[in-house]
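Work through the exercises below with the sequence and the structure in view. Try each task before reading its solution.

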Amino acid sequence: MSSSAVLARPEDPDLPEVYTTVESEVRSYCRSWPTTMATAEGSWITDTSGNRYLDFFAGAGALNYGHNNPNLKTALIDYLAGNMIVHSLDMATVAKTAFLQTFEQLILRPRGLDYKVQFPGPTGANAVEAALKLARKVTGRESIINFTNAFHGMTLGALSVTGNSMKRAGAGIPLVHATPMPYDNYFGGITEDFHWFERVLDDLGGGLNHPAAVIVETVQGEGGLNVARIAWLQALAELCRRRDILLIVDDVQMGCGRTGPFFSFEEAGIVPDIVTLSKSISGYGLPMALTLFRHDLDVWSPGEHNGTFRGHNPAFVTATRALETYWQNATFAEETVTKGRHIRERLEKIAAATPGVSARGRGMAQGLKFEETSRAAAICRVAFERGLLMETSGPSDEVVKLLPPLTTSEDDLDAGLGILAESVAAAHI
Ligand SMILES: *Cc1c(COP(=O)(O)O)cnc(C)c1O
């Protein structure tokens, strides 16, 4: 998502002319990887020339179960072949019933989570908009606390709680009613970052309106793989509880098992008041999003947050099958943690051998941060030439970010990490 990610040659000579003559300048990933993608299976993409790419980008986290996962595909094809209803706004459908029942049975109930499920428009930004609107409606307050380097999406509400200055500038109007606070470790662990927030809340001269909610990512994916410590998340949840501030966890990218457990906040043992999910919730790369909240926060009036594509049944079908396939027990989450540890060990080795490089991340959201910021993009470019897709993240695109599908085999993980190590050695600027 970081726009400037891996800028290729300005004219994109390897792409059909329509990309420059017809498609807007706003395009970005087809600049980073200037080749026409054709087919994909699991962790691999093949382009129209037959070149194969190991995909450590995975749709920015929308493909946790890989491309064209055969189990999910079968469910989808059967559904379509049966002339089952595809578009239905939020009418009752067989696919929607199955999804709600399965989500309650496999995800909410075993975790003791008392959440209602809202289907907003099928994008992460829309799930965030719904969360912010609901928090304001419930509390009657307008201000939201967000964190430095946060990323919550491109619509105006979501952008108002996003950190990146280039994205914010795109709004064209003042982005208001949000106050950024330092994320964990913002001051390099020297100051207790968190206390600033507590202090201004307490201080009658602090100038902070009582906020409706705090919105936070447990790991900031787009913001540079900044990982909040468990103790920091617990202290934040406790502060919100004591001060009657709603806690929103944006799990759009780190949810659906990216860090191991289904929800990324499970490890901290906290229960947010509101949770957003999108990216991998459909499991197949089909658009879908959820906003979850405590029963007593369900103050919506019917149709108050409407949308045409809130009942995309093919997405419900693959979402249900993904839950049945991977979330009946803890095995998949444990495998992800184990694979994540393995990735981290390999990254630590690269970092130890390379000055100015450090490893960071949690679960299977891992990466390398470069003091010399432009090296990260150079490495992604070299890796692409060698058949590995990775993007950069962070405010200066200084982090090489690895988001392989969680289903990636150990052999493929090792192959990709090998290409990464070679690319780090080969990329000089
Ligand atoms: C990707 C992302 C969003 C925005 O989702 P879209 O589907 O692109 O609107 C919001 N929050 C987080 C944490 C994300 O990673």
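**Exercise 1.** In which crossing, left-handed or right-handed, does α5 pass α11?

*Solution.* The model is a predicted one, and the first step is to locate the two helices, with α5 spanning residues 94-108 and α11 spanning residues 313-326. Next, consider their axes, which come within 9 Å and cross at roughly 30 degrees. Because angles under 35 degrees count as roughly parallel, α5 is roughly parallel to α11. Finally, the sense of the crossing is left-handed where α5 passes α11.

**Exercise 2.** Describe how helix α12 packs with helix α14.

*Solution.* Begin with the residue ranges, which are 331-353 for α12 and 410-426 for α14. The axes of these helices lie 11 Å apart, at an angle of about 20 degrees, and therefore α12 is roughly parallel to α14. As a last step, note the handedness, since α12 passes α14 in a right-handed crossing.

**Exercise 3.** Which residues are around the ligand, and what contacts do oxygen atoms of the ligand have?

*Solution.* First list the surroundings, which consist of Thr 123, Gly 124, Ala 125, Phe 151, His 152, Gly 153, Glu 217, Asp 250, Val 252, Gln 253 and Lys 279. Sorted by type, this shell holds three nonpolar, five polar and three charged residues. Then turn to individual atoms: a backbone N or O atom of Ala 125 is 2.8 Å from a ligand oxygen atom, while a polar side-chain atom of Gln 253 is 3.5 Å from a ligand oxygen atom. For Lys 279, a side-chain N or O atom lies 2.7 Å from an oxygen atom of the ligand. To finish, consider the cover: of the 380 Å² of accessible area that the ligand has on its own, the protein covers 86%.

Notes
Residues numbered from 1 in each chain as written. Predicted model: local features only at pLDDT ≥ 70, side-chain atom pairs only at ≥ 80, totals over all residues. Heavy atoms only, no water. Polar contact = N/O pair within 3.5 Å; in protein donor to acceptor, adjacent residues only side chain to side chain. Areas by Shrake-Rupley, 256 points an atom, 1.4 Å probe, with all protein chains shown as cover. Nonpolar A, V, L, I, M, F, W, Y, C, P; charged D, E, K, R; others polar. Axes fitted to C-alpha atoms, helices over the stretch in contact; angles between N-to-C directions. Helix = DSSP H or I, 4+ residues; strand = E, 2+ residues; numbered from the N terminus. Parallel < 35°, antiparallel > 145°, perpendicular 65-115°, else oblique. Left-handed = near helix turned anticlockwise from the far one by under 90°.
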